[in-house]
Amino acid sequence: MSWGKNDALVLLLAGGVGSRLNNLVQSRAKPAVPFAGIYRIIDFSLSNVMNSGFTQVGLLTQYKPLSLMRHIGDGAAWDFTGRTRGVKILPPRTGFKESDWYKGTADAVRQNIDFIRAHPSREVVILSGDHIYSMDLDEMLRDHRRKRADLTVATMVVPREQIHQFGAAITGEDGRVVDWEEKPAVPRTDLASMGIYVVNTDYLLASLEKYRSDVDFGMDIIPRAIPVDRVYAHSFRGYWRDVGTIQAYWEANMDLLLPDSPINPAAWGIRSNPEAEGLPFDRCPARFIGSGQAKNSLISAGCRIEGTVINSVLSPGVRIGPGAVVRDSIIFHDCRVEGGAVVDLAILDKRVQVGQGARVGHGEDREVANRIHPKHLYTGISLIGKMAQIPAKAVIGRNCIVAPHRRADEFPALTLPSGESI
């Protein structure tokens, strides 16, 4: 039988909690978080699949899936409609017990074996829905077939001080993986796994059936396979970032603003689904009124700028009032920053209102980590939850958290010190 790239089945894992993104994922899955103004994080993985020519996708959802499912729709935005193509949203398989949730990447695939068997394929391509990158997955598939591999892992070189965050591959001269370290404290390599795999379908099904206690590819499947099976690394050279933390998410958005930015969604062919906004019309072009200006910023359609925006990313529909200043910040859809207000080094979720003369991100004490979530906010970024209202004249410090839907009359005082939450 002659096999082509369209005979590979794609499994896109998009069900993670993403708790390190704090209240950005309180009502949505991590892949559904907005990015670069008009996109969502999952748009990058879906567009890579589309641009690589694959036609059958299973999307594994789990945590807070509604926003993500609404965004995907029928897959038409990524050309996944037709008799021979489609994106199938595999609904959450959760019960009443915590043990019913996916325990890891291998467990997630195992719980959807029926979908794999229902779509005959030579290989299964497994990838995550929460990374920012552009990659030719078909090239990886060809590399996998050329080497007659059982399992191929996409890898890239990272600084050694970062390797503890990843699975790490030790390879021979031919690219075959000879050893593996999962999040090593003292690494022997700088070759990190990207969490992207090509696996022969028969091999995958047999492994998942034989080793039913294995729950994760990096911790279980790959180390077990290396001594006895053909496991290879596929080298990737390009921009790739896991935006699973507030700091990494903010940095990736700021990377968009660099001269000769390494992120170029338009050139990469990244698509989104504008119809998911539910608007019966396209937003009008951004407008600059009076002394309104933007410097080194990304301004989306529907924005109305009467103040000053510096080094920031604004999603559609944001309004910046006269005399207001937004600096080093990420502002989601339909936020309002009223006249005279200042937003400095902050992330505002959708439809936040910042009252007149208020200050979000105030003070020089950026080293004061958030008291409740010190590992989430520790570099000065303040996080304002969806639809929160910041009172006029309020002062919000550094590394602060304002909960979603917090009303202005619920603030006990007009000052929230650095590191505090409300």
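This note goes through one helix and two sheets of a predicted model.

1. Helix α5 spans residues 137-146, and its buried residues are L137, D138, M140, L141, D143 and H144. These buried residues pack against two kinds of element, namely the helix α1 (42-51) and the strands β6 (123-128), β8 (151-157), β11 (191-200) and β12 (231-235).

2. Both ends of α5 deserve a look in the model. At the N-terminal end the cap is D136, from which a side-chain oxygen lies 3.0 Å from the backbone nitrogen of D138, and D138 is itself among the buried residues of the helix. After the helix comes R148, which has a positive phi, near 55°.

3. One open sheet is built from six strands with parallel pairing, and their order is β16-β19-β22-β25-β28-β31. Its edge strands, β16 (298-299) and β31 (401-402), each pair on one side only. Within this sheet, β25 (residues 346-348) and β28 (residues 382-384) pair in the parallel sense over three bridges, and L348 stands opposite I384 of β28.

4. A further open sheet has seven strands, again with parallel pairing, in the order β15-β18-β21-β24-β27-β30-β32. Because β15 (293-295) and β32 (415-416), at the edges, each have a single partner strand, one side of each is left without a neighbour in the sheet.

5. For a pairing to inspect in the seven-stranded sheet, β18 (residues 308-310) and β21 (residues 325-327) run parallel and are joined by three bridges. The residue to start from is V309, whose bridge partner in β21 is V326.

Notes: Residues numbered from 1 in each chain as written. Predicted model: local features only at pLDDT ≥ 70, side-chain atom pairs only at ≥ 80, totals over all residues. Heavy atoms only, no water. Buried < 20%, exposed > 50% of the residue type's maximum accessible area, 1.4 Å probe, protein only. Helix = DSSP H or I, 4+ residues; strand = E, 2+ residues; numbered from the N terminus. Contact = heavy atoms within 4.5 Å. Polar contact = N/O pair within 3.5 Å; in protein donor to acceptor, adjacent residues only side chain to side chain. Pairing = 2+ DSSP bridges.
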